[in-house]
Amino acid sequence: SSTGYKTRPFDSVLREVREFFGVHQAEGTVPGGVHFEMTGQDVTECTGGVRAVSDEDLSDRYHTACDPRLNASQSLELAFLVAE
């Protein structure tokens, strides 16, 4: 991010998941599932989503020691968008 935190934009995660399912559909294969780094906590580690976490918000509740995680709101949003 512009503030020096390791982060992932929500829109990039969503795009990658949609592309994953698109490739499987095009090839006639069944995806076995997906894995997300996520937490039920109200962290600010991934930007975007309906609550519009920005680069400036990352320092508020950035708790990961490794990879940035989707917060509870972003996780639910992703699940509903992927299910459409």
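**Contacts, core and cysteines of the predicted model**

In the protein, 61% of the contacts with a separation of 6 or more are made by residues 24 or more positions apart. The structure described here is a predicted model. Its secondary structure consists of two helices and zero strands. Helix 1 covers residues 10-27 and helix 2 covers residues 72-83, with a loop between them. Taken along the principal axes, the box filled by the C-alpha atoms is roughly 45 × 20 × 20 Å.

Of the 84 residues in the protein, 29% are buried. The accessible surface was computed as about 5,400 Å², and carbon and sulfur atoms account for 54% of this surface. Among the side chains, 7 are positive and 14 are negative. The centres of these two sets of charges are separated by 2 Å.

The largest nonpolar core is formed by six residues, namely Phe10, Val13, Leu14, Cys46, Leu70 and Leu78. Helix 1 supplies the largest share of this core, with three residues. Phenylalanine 10, a member of the core, has contacts beyond its sequence neighbours. When residues up to four places away in sequence are not counted, phenylalanine 10 touches Thr47, Gly48, Gly49, Leu70, Gln74, Glu77, Leu78 and Leu81. Two of these partners, Leu70 and Leu78, are listed in the core as well.

Glutamate 77, a further partner of phenylalanine 10, is placed in helix 2. With neighbours within four places in sequence left aside, the contacts of glutamate 77 are with Phe10, Gly49 and Val50. By contrast, lysine 6 is absent from this set of contacts. Glutamate 77 and lysine 6 are 71 residues apart in sequence, and their C-alpha atoms are 21 Å apart in space.

Phenylalanine 36 belongs to the loop between helix 1 and helix 2. Its relative accessible area is 25%, so phenylalanine 36 is partly exposed. A residue of the nonpolar core must be buried, which means under 20% relative accessible area; phenylalanine 36 therefore falls outside that condition at 25%. Phenylalanine 36 nevertheless makes contact with Val13, Val17, Leu70 and Leu78, leaving aside neighbours within four places in sequence. Of these partners, Val13, Leu70 and Leu78 are core residues. From phenylalanine 36 to valine 17 the C-alpha distance is 9.9 Å, and 19 residues separate the two in sequence.

Leucine 58 is likewise located in the loop between helix 1 and helix 2. Leucine 58 counts as buried, because its relative accessibility is 0%. Apart from residues up to four places away in sequence, leucine 58 touches Ser1, Thr3, Tyr5, Thr7, Thr44, Glu45, Cys46, Thr47 and Val53. One of these partners, Cys46, is part of the largest nonpolar core. The C-alpha atoms of leucine 58 and glycine 4 are 9.5 Å apart, with a separation of 54 residues along the chain.

Serine 59 also has its place in the loop between helix 1 and helix 2. Its relative accessibility is 46%, and serine 59 is therefore classed as partly exposed. Serine 59 and threonine 44 lie 15 residues apart in sequence, with a C-alpha to C-alpha distance of 7.3 Å.

Another residue of the loop between helix 1 and helix 2 is alanine 52. Alanine 52 has a positive phi of about 50°, although this residue is not a glycine. Most residues other than glycine have a negative phi.

Finally, the cysteines were examined. A disulfide is a covalent bond between the sulfur atoms of two cysteines. Zero disulfides are present in the structure. The cysteine sulfur closest to that of cysteine 46 belongs to cysteine 66 and lies 12 Å away, so the distance is too far for a bond. A disulfide would require the two sulfur atoms to be within 2.5 Å. The surroundings of the two cysteines can be described by their accessibility. Cysteine 46 is buried, with a relative accessible area of 3%, whereas cysteine 66 is exposed, with a relative accessibility of 54%.

Note on methods. Residues are numbered from 1 along each chain as its sequence is written. This is a predicted model: local features need pLDDT of at least 70, side-chain atom pairs count only at pLDDT 80 or more; totals for chains, interfaces and linings use all residues. Side-chain values use heavy atoms; hydrogens and water are left out. Helices (H or I, at least four residues) and strands (E, at least two) are DSSP runs, numbered from the N terminus. Buried means under 20% relative accessible area, exposed over 50%, partly exposed in between (1.4 Å probe, protein chains only). Contact means heavy atoms within 4.5 Å. Accessible areas come from the Shrake-Rupley method with a 1.4 Å probe; for residues, only the protein chains shown count as cover. Lys and Arg count as positive and Asp and Glu as negative; His and the chain ends are not counted. The place of a charge is taken as NZ of Lys, CZ of Arg, CG of Asp or CD of Glu. A nonpolar core is a set of buried Ala, Val, Leu, Ile, Met, Phe, Trp, Tyr and Cys residues joined through side-chain atoms within 4.5 Å.
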